[in-house]
Number of protein chains: 2
Amino acid sequence: MPSRIIVSRELADLLRLLAHPDRLRLIEELRLGERDVSTIAAALDLPATRISQHLAPLRAHRIVEDRREGRNHFYRLTHPGIAAWLVEALEFVEVRNRLGEGAHIEKVRALWTADAPENQG
Amino acid sequence: MPSRIIVSRELADLLRLLAHPDRLRLIEELRLGERDVSTIAAALDLPATRISQHLAPLRAHRIVEDRREGRNHFYRLTHPGIAAWLVEALEFVEVRNRLGEGAHIEKVRALWTADAPENQG
DNA sequence: CCCATATCTGCATGCATATGCAGATGTGTA
DNA sequence: TACACATCTGCATATGCATGCAGATATGGG
């Protein structure tokens, strides 16, 4: 099998893994720094079980790494740059959607780049 | 509904749209320049009907644009930069996969950046 | 040991997507 | 008009993922 096809599969796996609103918000939350499951759950207003379910595949694909401290599991982005990379994708979001929201995309994008990240290396 | 959630939805839609090996190869093919459906089908060794099916959602989300010339429909990337952006994602592909292929990721990545693109601007 | 907390894993249902194929649409040519 | 070519659209089946919930595991305190 040609390498080109292998690459496209791995890339597709990665994209599929990221292609969920909750997981994107989760990654955005981790951009602000290390967080435990309950804290993420509270920030995203979702049950902790759901967060754990989302974290499992992200952990398997090394998108996030975890560290245990007592009963809590702290998660962080393996590649902090992935958050910035995701924001760049807004460039390619359909124009109709941008205008439909009644707000400039730059404003919306600011929501993802604000909040003083701790680990933005 | 908070804008942050809206953004995560749109972004997830985009990622889901791209998260298919054939569509990624299709985009990579278009990076080389404008192509008609049959030419893409031949390059990817897939039936033209399948290519058309993949192009439909890409067209709907303005990832690609089309131009008709006689019986042929020529497609091109709306944002040529999306191809380079996708290549950057290889940075985040699980390390185990990289080593498992027995080849340096840089070599594989070269497959996606070679071939003298016409519209890489 | 018993219990509460924090998180993980497994399972069932429902929904979305991929695929293959048939048929429709549009275009060029005789 | 008839026909071939290029592409699109619609439909049926199968597969995969999301969700919600129950139960399992691990840790800390009494």
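**Group meeting: the protein around DNA strand C**

Okay, let's start at the DNA. The surface near strand C is built from two nonpolar residues, eleven polar ones and eight charged ones. Before I go on, keep in mind that this is a predicted model.

So which residues come nearest to strand C? Out of 21 around it, those are A:Ser38, A:Ser52 and A:Tyr75, plus B:Arg16 and B:Arg50 from the other chain.

Now, which elements supply that surface? In chain A, we have α3, α4 and β3, the last one covering 72–77, and in chain B there's α4; each of these gives at least two residues.

And what part of the DNA is the protein up against? If you take the atoms of strand C within 4 Å of the protein, 75% are sugar or phosphate, and the rest belong to bases.

Let me show you a few individual contacts. B:Arg23 has a polar side-chain atom 3.0 Å from a phosphate oxygen of strand C. Over in chain A, a polar side-chain atom of A:Asp36 sits 3.4 Å from a phosphate oxygen of that strand. Then there's A:Asn72, where a side-chain N or O atom is 3.1 Å from a sugar or linking oxygen of strand C.

Hang on to B:Arg23 and B:Arg50, as both turn up again inside chain B. Helix α2 of that chain, residues 21–31, packs on α4(B). People describe two packed helices by the angle between their axes and the distance between those axes. Here, the angle is about 80 degrees and the axes are 10 Å apart. Angles of 65 to 115 degrees count as roughly perpendicular, so that's what we call α2(B) and α4(B).

Who meets whom there? From α2(B) you get B:Asp22, B:Arg23 and B:Leu26, and from α4(B) come B:Arg50, B:Ile51, B:His54, B:Leu55 and B:Leu58. That contact comes out as four nonpolar residues, one polar and three charged.

One last stop: the loop between α3 and α4. In chain A, α3 runs 37–44 and α4 runs 48–60, and A:Asp45 lies in the loop between them. Phi of A:Asp45 is near 55 degrees, a positive value in a residue that isn't glycine. Is A:Asp45 buried or exposed? It's exposed, because its relative accessible area is 68%, and the cut-off for exposed is over 50%.

Chain B has B:Asp45 in its own loop between α3 and α4. Its phi is positive too, at about 55 degrees, and with 69% relative accessibility B:Asp45 counts as exposed.

Notes
Residues are numbered from 1 along each chain as its sequence is written. Chains are lettered from A and ligands numbered from 1 in the order in which they are written. This is a predicted model: local features need pLDDT of at least 70, side-chain atom pairs count only at pLDDT 80 or more; totals for chains, interfaces and linings use all residues. Side-chain values use heavy atoms; hydrogens and water are left out. Helices (H or I, at least four residues) and strands (E, at least two) are DSSP runs, numbered from the N terminus. Buried means under 20% relative accessible area, exposed over 50%, partly exposed in between (1.4 Å probe, protein chains only). A residue is near a molecule or strand if one of its heavy atoms lies within 4 Å of it. A polar contact is a pair of N or O atoms within 3.5 Å; within protein, one must be able to donate a hydrogen and the other to accept it, and residues adjacent in sequence count only if both atoms are side-chain atoms. Ala, Val, Leu, Ile, Met, Phe, Trp, Tyr, Cys and Pro count as nonpolar, Asp, Glu, Lys and Arg as charged, and the others, Gly among them, as polar. Axes are lines fitted to C-alpha atoms, for helices over the stretch in contact, and angles run from 0 to 180 degrees between N-to-C directions. Angles under 35 degrees count as roughly parallel, over 145 as roughly antiparallel, 65 to 115 as roughly perpendicular and the rest as oblique. Contact means heavy atoms within 4.5 Å.
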